Amino acid sequence: SQPANATAAPASLRPLPENFDWKQTPVEPEISATLAQIFARGQAQGLNPQHFSVIGDCQAIPFVFMGPLGRGELQPPEAEKHLWQALNYFEGSYTRESITVRGGFTAASILNPTQADPQACKPGETPLTCEYRLHSPAYVLIALETWLNPETVARYETYLRQILDYVIAKGSIPILLTKADSSELKNGTHVINPAIAKIAYEYQVPLVNFWRAAQQLENYGIDSSREGFHLSQEGYNLKNMLALRALYAVWQSASAAENAGQTAASPQSTPAPTATPLPPAQILAQPQCQNGGCVFFGLASSKDGDIQPQGVFAYEYDNQKLTQILPAGFNLQDVSPDGENLLVNQQNLLYRVNLPIAASELISETLLWHGENSAYWGENGEIRMLEQESPFPQAIRLLPSRQGQEVYFESGECPSPDTCTGTGIYRQTETATRLENTLQPVFSPTGSWYAFLNPQTALTRRGEHFL
């Protein structure tokens, strides 16, 4: 799996010396000239210079990594008072829980859409791309220490390179950290740390050799009372201080280059494309639904959280045939009770499609569509729709009820297209009335009945629905 918009590796990586010894790489990172170029690219793409993110496993959660600095549980020594500048500048990131941090995360997990937080991420987003959408970090600390099978460590290296390619392409400065434990040993030989150090050298990005620094600690910074993977308190303190020093050094270098005008010119961000309306009469085929009837539905694809309608289809019961009625770009809103007319939309354009005569009519150019139902046929065939000037407060979708003049809708917030959080179901007559303890209502064809999920009862009696 590879996130969308990630570029291939740089054309020319720095060749690795034959005598390269990862154990002898410096504890604190070397600052290369490439960092200024990366930073400039990120600023041109709108990354927040005061944000950093963390990519890692249970050793990188804010409870133990960076969080102690943000909570004041760990502070720079008197001799390093300058580090307070970084503590204040990046204040909001230390205790934040990055989408790219979770116990058990591996390098592969970061690139896997099934591992993304479903409450925070859009369908199809990976943890990595979701983190960028939510936080836009200019700096990224990478501390991926888990890989269960040393025999397949080549995969770890492959995925780590993909992560690094994406981070650099987005314009964030990555800071890699080696690990202090020996859980990845293969026949007594380290396998993950060499890969981390090698990649950092080739890409010329900062590396914190935490392993080398931890060799001076009791039990090498590992908690002797546990399984040999988790750090001791002394180990965590050292890791946090090294990360803070590295963040400060990289930040100061990038800022100095920017202020001195030494950064290379970066490509300007490309404006978001403006959708071109599809021809309203572009009907591909007419399904034969007279005898056995049809099931109508729309398809959509999700790539990295970007949901795109893939057309409107009909499945014909009588001859078991699948017919595509409208091409990609169109989405199905509703089917008339007689099955002869469709309400479809292409973004904010709403059309009525007459199947028997293969004709269509533009109904509205101001449909408010967040990826769910925004139009339907009412009780007497009138069209009800959710438009940009909506009479329904904070409505994000309509619930087809076909019951008199009552309109049911869900209110909520949509911080971005296809990413909505509902806050309640309402019945609109002259005023809007909230339906208490009602989730996912489904109406009968006449609108006189509806079934719904009771969230309070569902906590103790799972799977039951109530009328």
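In this predicted model, the second largest pocket comes out at a volume of about 610 Å³. Its lining is made up of 25 residues, and those sitting closest to the centre of the pocket are F296, V335, S336, G339 and E340. Two strands, β5 (294-303) and β8 (331-335), each put at least two residues into this lining. The biggest share comes from β8, which hands over five residues. As for chemistry, the lining of the second largest pocket is a mix of eleven nonpolar, nine polar and five charged residues.

Turning to helix packing, helix α1 (residues 34-44) and helix α8 (residues 233-259) have axes that come within 9 Å and cross at roughly 75°. Since angles of 65 to 115 degrees count as roughly perpendicular, α1 is therefore roughly perpendicular to α8. On the α1 side, the contact is built from L35, A36, F39 and Q43, and these face V250, A254, A257 and E258 of α8. Sorted by class, the residues of this α1 and α8 contact are six nonpolar, one polar and one charged.

A second helix pair is arranged at another angle: helix α4 (residues 127-135) packs against helix α5 (residues 153-170) at about 20°, with the two axes 11 Å apart. With angles under 35 degrees counted as roughly parallel, α4 and α5 are therefore roughly parallel to each other. Their crossing is right-handed. Here L128, T129 and Y132 of α4 meet I163, Y166, V167 and K170 of α5. The contact of α4 with α5 has five nonpolar residues, along with one polar and one charged.

Note on methods: Residues are numbered from 1 along each chain as its sequence is written. This is a predicted model: local features need pLDDT of at least 70, side-chain atom pairs count only at pLDDT 80 or more; totals for chains, interfaces and linings use all residues. Side-chain values use heavy atoms; hydrogens and water are left out. On a 1 Å grid over the protein atoms alone, a cavity is a set of points where a 1.4 Å probe fits but cannot get out, and a pocket is an open set with protein on both sides within 12 Å along at least five of seven lines; lining residues have an atom within 4 Å of a point. Grid points are joined across faces, edges and corners, and a volume is the space filled by probe spheres set on the points. Helices (H or I, at least four residues) and strands (E, at least two) are DSSP runs, numbered from the N terminus. Ala, Val, Leu, Ile, Met, Phe, Trp, Tyr, Cys and Pro count as nonpolar, Asp, Glu, Lys and Arg as charged, and the others, Gly among them, as polar. Axes are lines fitted to C-alpha atoms, for helices over the stretch in contact, and angles run from 0 to 180 degrees between N-to-C directions. Angles under 35 degrees count as roughly parallel, over 145 as roughly antiparallel, 65 to 115 as roughly perpendicular and the rest as oblique. Contact means heavy atoms within 4.5 Å. A crossing is left-handed if the near helix is turned anticlockwise from the far one by less than a right angle, and right-handed if clockwise.
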